[in-house]
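Work through the exercises below with the sequence and the model open. Try each task before reading its solution.

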Amino acid sequence: MATSHILLTALLALVSWQAMASDPSPLQDFCVADKYSPVLVNGFVCKDPKVVSADDFFMAANLDKPMDTTNKVGSNVTLINAMKIPGLNTLGISIARIDYAPLGENPPHTHPRATEILTVLEGALYVGFVTSNPENKLFTKKLEKGDVFVFPQGLIHFQFNPCANKPAVAIAALSSQNPGAITIANAVFGSKPPISDDVLAKAFQVEKNTVKWLQAQFWADNQN
């Protein structure tokens, strides 16, 4: 009986740990990504520590420079993750600069593997996120320069620059070396191959012609 109880406790602890875990925790000081290794793992294989240098933890990213926002949504996301800085591998963090044109937005999207914390460097932003079913409750806030807002992992969220004559800039930190991004409109109406118009017409309660029109649009990618 005691042995069964111990095994059950261990199993529950393991399941709980897996449920809470995001990126795997490092088991050494660092695990610089070897992006050229043929071995496939969850993340990247470690480079031999003997050949690691300071450059593996560095990138001249020019995050102080404005980025091009001349696209349909009027924004540009410059993400720095483990693909760009190998030293981020297993450290569970990445960073992004987000530029917004006047009236530009970072459209509704999710990060399947990361919580995001965002601070406004210039301008102002109207931001928000929506909770999961069945409540689908919307939380919104108007942010000014220096304000900070958190978007919980996996929830649909957005940022919008409400100013018609001034751009905005934000910096976001994300709790994954590879947070991922799923832009809702792009995924639903711009998938390849396209989702059946029967499915989408039923889901959105609209005519098939409306679905076809939406699928025919050019869905801008603001990820850099």
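Four exercises follow, each with a worked solution.

The model is predicted: local features need pLDDT of at least 70, side-chain atom pairs count only at pLDDT 80 or more, and totals for chains, interfaces and linings use all residues. Residues are numbered from 1 along each chain as its sequence is written, and side-chain values use heavy atoms, with hydrogens and water left out.

**Exercise 1. The open sheet**

Task: state the order in which five strands form an open sheet, and find the strands at its edges.

Solution.
- Step 1. Fix the terms. Strands (E, at least two residues) are DSSP runs, numbered from the N terminus. Two strands pair if DSSP finds at least two bridges between them.
- Step 2. Read the order. It is S1-S2-S9-S4-S7, with antiparallel pairing.
- Step 3. Find the edges. S1 and S7 each have a single partner strand, so one side of each has no neighbour in the sheet.
- Step 4. Take the angle. Neighbouring strands are turned by 20 degrees against each other on average, direction ignored. Axes here are lines fitted to C-alpha atoms, and angles run from 0 to 180 degrees between N-to-C directions.
- Step 5. Check one pair. S1 and S2 are antiparallel over six bridges. Thr78 faces Arg97 of S2.

**Exercise 2. Pairings of S3, S5 and S8**

Task: list pairings of S3 and S5, with bridge counts and a residue pair for each.

Solution.
- Step 1. Start with S3 (residues 105-110). Three bridges join S3 to S8 (residues 156-160), antiparallel. Asn106 has Gln159 as its bridge partner in S8.
- Step 2. Go to S10 (residues 182-183). Two bridges link S3 and S10, again in the antiparallel sense. Thr110 is opposite Ile182.
- Step 3. Turn to S5. Six bridges pair S5 with S6 (residues 138-143), antiparallel. Val130 is opposite Leu138.
- Step 4. Return to S8. S5 pairs with S8 over five bridges, antiparallel. Val127 is opposite Gln159.

**Exercise 3. The annotated positions**

Task: which residues does UniProt place under "binding site", and are His111 and Glu116 buried or exposed?

Solution.
- Step 1. Read the record. The unreviewed UniProt entry gives the feature at Asn106, His111 and Glu116. Such annotations may be inferred rather than shown by experiment.
- Step 2. Locate two of them. His111 lies in the loop between S3 and S4. Glu116 belongs to strand S4.
- Step 3. Test burial (buried: under 20% relative accessible area; exposed: over 50%; partly exposed in between; 1.4 Å probe, protein chains only). His111 is buried at 10%. Glu116 is buried at 2%.
- Step 4. Look for a polar contact (N or O atoms within 3.5 Å, one able to donate a hydrogen and the other to accept it). The side chains of His111 and Glu116 make one at 3.1 Å.
- Step 5. Widen to contacts (heavy atoms within 4.5 Å). Leaving out residues up to four places away in sequence, His111 touches Gln153, His157 and Pro179, among others. On that basis, the residues touched by Glu116 include Ile98, His157 and Gln159.

**Exercise 4. Nonpolar cores**

Task: how many residues has the largest nonpolar core, and which element gives the largest share?

Solution.
- Step 1. Define the core: buried Ala, Val, Leu, Ile, Met, Phe, Trp, Tyr and Cys residues joined through side-chain atoms within 4.5 Å.
- Step 2. Count. The largest core has 19 residues, and Tyr100, Leu118 and Leu125 have the most contacts inside it.
- Step 3. Assign elements. S1, S2, S4, S5, S7 and S9 each give two or more residues. S9 gives the largest share, four residues.
- Step 4. Look elsewhere. A separate core of six residues includes Phe189 and Val211.
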